Amino acid sequence: MEYIQAMYSTITLSATFRLSAPLLLGLAGYCFSNKAGIMNIALESFMMISAFFALLGSYLFHSAFIGALFGVVAGTVLSFLYGVLVFHAGANGLITGVGFNLSGWGLTTMLLVAIFHTRGATNVGAVSFSPIDVPILRDIPYLGKIFNQQTILVYLGPLLMLIAWVVMYKTPFGVRIRAVGLNRRAAETAGVSVMKYSWIAMLLSGACMGLSGTFISLNSLAMFSENMTGGRGFMVLASAMVAGGNPLKAMLCGFIFAYCDALTLTWSGFDVYSQVISMLPYLAVLLVLFLTHLKNIKSFGRFEAS
Amino acid sequence: MENERQDYVLETRNICKNYALLKANDHISLKVRRNTIHAIVGENGAGKSTLMGILTNVVKPDMGDIILDGEKMNFKNPMDAAHHGIGMIYQEFMLAPRFTVFENIIVGFEEKKGVFVDRKKCRERVEAICERYHFALPLDELIDELPVSVLQQIEIVKVLYRGADLIIMDEPTSTLTPQGIEGLFDAMRVLKESGKTILFITHKLGEVFRVSDEISVLRDGKLVGTYQPQEVDQQKLANLMVGREVILQAHKLPVSAGQPVLEVKDLRVRDADGIERVKDANFEIRAGEIVGIAGVAGSGQQHLVEALFGLAKPEAGSVIRYLGDEVTGKSPRAHRADRVGYVPQDRIGMGCNVAASIWENAIMGYHRATGFHPKWLIPRRQAQEFTSRVVRDFDVKVQNLENHIGSLSGGNIQKLIVGREFSQNNRLLLIEDPTRGIDVGAIEYIWEKLIRFASEGAAVLLVSHDLNEVMQLSDRILVMYDGRLRDGGGHGELTEEQIGLLMMGGEVG
């Protein structure tokens with residue numbers, strides 16, 4: 001029974017809203033890459049490395065905002081490197097992505113030990129974002145408990161997603177980036193530089209992954225530990241793919257995954273196998289992918305004959 | 001002087017372009033009169049595509065000038081041509097799937113209100129163009145489901161929206177029905193009357209005379225000349241194009257049909273989305289017979305052929321018999337072993353492997369067949385000898401059999417594929433669009449081979465979107481419309497218009 005109650009408790013829902021931030025912040029940029037036809041599995045490393053640099057920036061300058069700046073710059077630089085390799089050096093995106101993800105894990109762990117002399121840094125003197133007490137929201141029952149007392153990054157997530165949606169569907173930039181993803185040659189003959197728009201989409205996703213990395217290390221508690229992102233970069237990728245790059249649909253996916261993440265937190269307090277519970281978000285990813293692709297499955301039948 | 005400037009909208013002076021040893025364009029000096037439909041004809045490889053590429057600034061010429069409205073142009077990037085009023089309609093449509101018609105038209109040239117797209121203003125402009133030139137387009141529909149003739153209208157509206165005065169159309173009729181072609185020609189005439197100039201690239205000679213005011217002939221990279229339609233006829237034009245006598249009339253050999261080779265009963269095929277694409281097909285093909293299937297693209301021809309060759313699974317109850325034995329649902333490999341040949345429509349994607357060499361492609365699909373006796377390794381000498389024979393018999397222009405097949409022109413690739421399927425003593429040949437997009441000389445060659453192949457006792461199923469081809473070659477004609485086969489009569493029984501009507505779902509009384 002307590003499991004059921006936990007499913008709609010304000011604690012779970014508040015955690016859902018909070019944990020949606022790393023997904024939504026990243027999606028605000030990656031949706032454009034997705035629409036432009038760029039599949040990028042290196043998002044996980046973008047998020048992880050920029051999380052580390054956000055912590056470092058905050059530690060060095062004692063400001064969460066400078067930390068965020070570090071995170072965004074780190075994410076952008078990574079996407080630039082990835083873009084050079086994939087767009088210009090002709091590297092295979094999947095292999096490059098695997099390389100980025102493995103080195104991201106190694107690099108952050110190494111720097112953690114080198115700079116902070118630990119494998120899990122807490123209380124290193126970095127400043128984190130603090131929760132905001134919103135005057136009117138505070139007094140609304142139920143909703144107040146869910147939405148109030150979150151950091152600015154958490155509020156930024158849905159806001160950026162809405163902006164992304166407007167840009168995607170209401171501006172020439174959005175129309176063109178979608179055209180690039182749907183038919184590159186048609187876009188080219190319409191005078192749309194495929195390379196230029198691919199680059200913009202790439203750097204945008206890097207910058208936004210930088211923000212979601214910042215959330216990982218600087219949201220309310222300033223800390224970083226080995227593999228701290230725990231696959232959230234892949235969840236950004238999955239959400240964007242399920243949503244076909246539509247920011248509003250992607251936001252919905254983000255909330256679903258965040259809800260599972262939150263449920264993991266609340267349920268793990270109960271007396272159950274926490275390992276099983278912590279599989280929940282990943283199972284949700286598989287389930288959503290499976291359901292959204294169900295319609296394609298019957299085409300297997302076509303090959304039975306041969 | 002003043003007059004002359006008014007007279008010609010476009011002039012090229014001594015345009016040259018070399019690709020390695022090939023002179024793609026050799027001092028081409030072309031003059032296009034304003035307000036005319038100017039046809040450019042020539043075989044594949046005659047330099048039409050290169051010339052159009054240079055005009056639209058996709059290709060950089062080695063030398064020569066382009067004079068537009070009396071002014072020498074110096075294009076810096078591909079968009080310059082568009083901004084100077086040159087609009088190109090490509091043979092493959094440049095449209096984005098899952099975009100609406102409207103979005104496809106405006107992309108890249110959006111009217112802006114602040115940072116946003118001014119949809120209302122765009123819409124007004126598009127609607128004004130549609131009204132002025134009599135196009136009825138479903139602006140808010142996704143383009144995915146629209147028929148080819150509508151897609152082409154979208155392309156025309158698109159270049160008009162971009163402000164084109166000179167419209168280049170590259171093989172615009174290749175995928176249209178006779179009625180669609182009529183519609184296109186009407187549209188071209190309306191465009192001309194309202195002051196536009198059209199460069200019409202084609203190798204279908206019959207069409208040239210229907211709409212053109214002037215005809216320029218290219219051969220081997222050179223401009224042979226520009227002619228008035230009344231000065232020349234089809235035969236003369238064909239001679240100018242290839243420099244020799246061309247038989248545009250297929251010479252059918254009289255054959256007596258033998259035993260049934262292929263019998264199809266109640267064949268039904270669904271596509272991946274579960275939509276029934278072939279509905280109760282019933283027909284047979286006898287030895288020595290060519291049965292032609294005419295139809296608008298996407299009427300189910302492809303699903304029919306795929307089912308016959310084992311690439312698609314027919315519905316329960318369908319029966320396909322080959323030489324008396326039921327073969328329904330057998331694999332393509334089994335069909336090949338039974339001596340069934342297949343020339344797919346998509347020669348690059350399905351007919352060959354572009355990354356493989358010419359000789360590898362020449363034995364592809366038959367690498368297990370007798371003749372190569374492969375146990376473990378492919379006997380290179382035998383394979384090369386076979387390839388040399390195909391290359392010789394089918395006049396494939398190659399330099400080295402080890403080269404990638406991708407280095408050949410489309411026509412030569414097709415000749416090699418056709419040659420491969422014809423040289424294996426096949427009893428049944430399924431052939432789709434054997435001459436699509438290839439030049440007159442190669443068409444003539446393939447037609448002749450096809451007729452001879454049938455006369456030697458093979459059964460041929462010819463699926464073509466070129467109605468003329470079906471009518472010229474077939475002993476019996478079937479028309480496919482919306483998944484159903486309809487009787488199109490024997491050779492020469494119905495007129496082109498009557499078959500065209502059947503293709504559109506009409507009835508012949």
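User: What makes strand β22 (residues 476-481) of chain B and strand β23 of chain B a pair?

Analyst: β22(B) and β23(B) are joined in the antiparallel sense over five bridges. Two strands pair if DSSP finds at least two bridges between them, so the five bridges satisfy the criterion. One residue of this pair, B:Tyr481, stands opposite B:Arg484 in β23(B). The model is predicted, so local features need pLDDT of at least 70 and side-chain atom pairs count only at pLDDT 80 or more, while totals for chains, interfaces and linings use all residues. Residues are numbered from 1 along each chain as its sequence is written, and chains are lettered from A and ligands numbered from 1 in the order in which they are written.

User: In which sheet do β22(B) and β23(B) lie, and which strands form its edges?

Analyst: They belong to an open sheet of six strands with mixed pairing, in the order β19-β20-β21-β16-β22-β23 (chain B). Its edge strands are β19 and β23 (484-490) of chain B, each of which pairs on one side only. The names follow DSSP runs, numbered from the N terminus: helices are H or I with at least four residues, and strands are E with at least two.

User: Which helices pack on this sheet, and at what angles?

Analyst: Helix α10 of chain B touches β16 (290-295), β19, β20, β21 (459-463) and β22 of chain B, and its direction makes about 150° with that of β20(B). Helix α15 (residues 410-422) of chain B touches β19 and β20 of chain B, at about 170° to the direction of β19(B). Such angles run from 0 to 180 degrees between N-to-C directions, with axes fitted to C-alpha atoms, for helices over the stretch in contact. Two residues are in contact if their C-beta atoms, placed from the backbone, lie within 7 Å.

User: How do you know that β19(B) is paired with β20(B), and in which sense do they run, parallel or antiparallel?

Analyst: Four bridges join β19(B) to strand β20 (residues 428-432) of chain B, and the two run parallel. B:Gly341 stands opposite B:Leu429 in β20(B).

User: What shows whether the two faces of β19(B) are covered?

Analyst: On one side of β19 (residues 340-343) of chain B, B:Val340 and B:Tyr342 are buried, and on the other B:Gly341 and B:Val343 are buried, so both faces are covered. A residue is buried if 20 or more other C-beta atoms lie within 10 Å of its own, exposed if 12 or fewer, and partly exposed in between.

User: Is B:Lys17 called buried or exposed, and why?

Analyst: B:Lys17 has 22 other C-beta atoms within 10 Å and is therefore buried. This residue is found in strand β1 (residues 8-19) of chain B. Leaving aside neighbours within four places in sequence, its contacts include B:Ala24, B:Thr50 and B:Ile54. B:Ile54 is 37 residues away along the chain, yet its C-alpha atom is separated from that of B:Lys17 by 9.0 Å.

User: Why is B:Asn14 assigned to its burial class?

Analyst: B:Asn14 has 13 other C-beta atoms within 10 Å, so it is partly exposed. It is also found in β1 of chain B, and its phi is near 50°, a positive value in a residue other than glycine.

User: How do you know which class B:Arg339 falls in?

Analyst: With 17 C-beta neighbours inside 10 Å, B:Arg339 counts as partly exposed. B:Arg339 lies in the loop between α11 (332-337) and β19 of chain B, and its phi is near 70°.

User: What makes the length of helix α3 of chain A agree with expectation?

Analyst: The expected span is 1.5 Å times one less than the number of residues. For the 19 residues of α3 (residues 43-61) of chain A this gives 27 Å, and the end C-alpha atoms are 26 Å apart, which agrees. Since 17 of the 19 residues are buried, α3(A) is largely enclosed by the rest of the structure.

User: Why is α3(A) called oblique to α12(A)?

Analyst: The axes of α3(A) and helix α12 (residues 232-242) of chain A come within 7 Å and cross at roughly 135°. That makes α3(A) oblique to α12(A), because angles under 35 degrees count as roughly parallel, over 145 as roughly antiparallel, 65 to 115 as roughly perpendicular and the rest as oblique.

User: What is the relation between α4(A) and α5(A), and why?

Analyst: The axes of helix α4 (residues 64-88) of chain A and helix α5 (residues 93-116) of chain A come within 10 Å and cross at roughly 155°. α4(A) and α5(A) are therefore roughly antiparallel to each other. The contact is made by A:Tyr82, A:Leu85 and A:Val86 of α4(A) with A:Gly93, A:Thr96 and A:Phe100 of α5(A).
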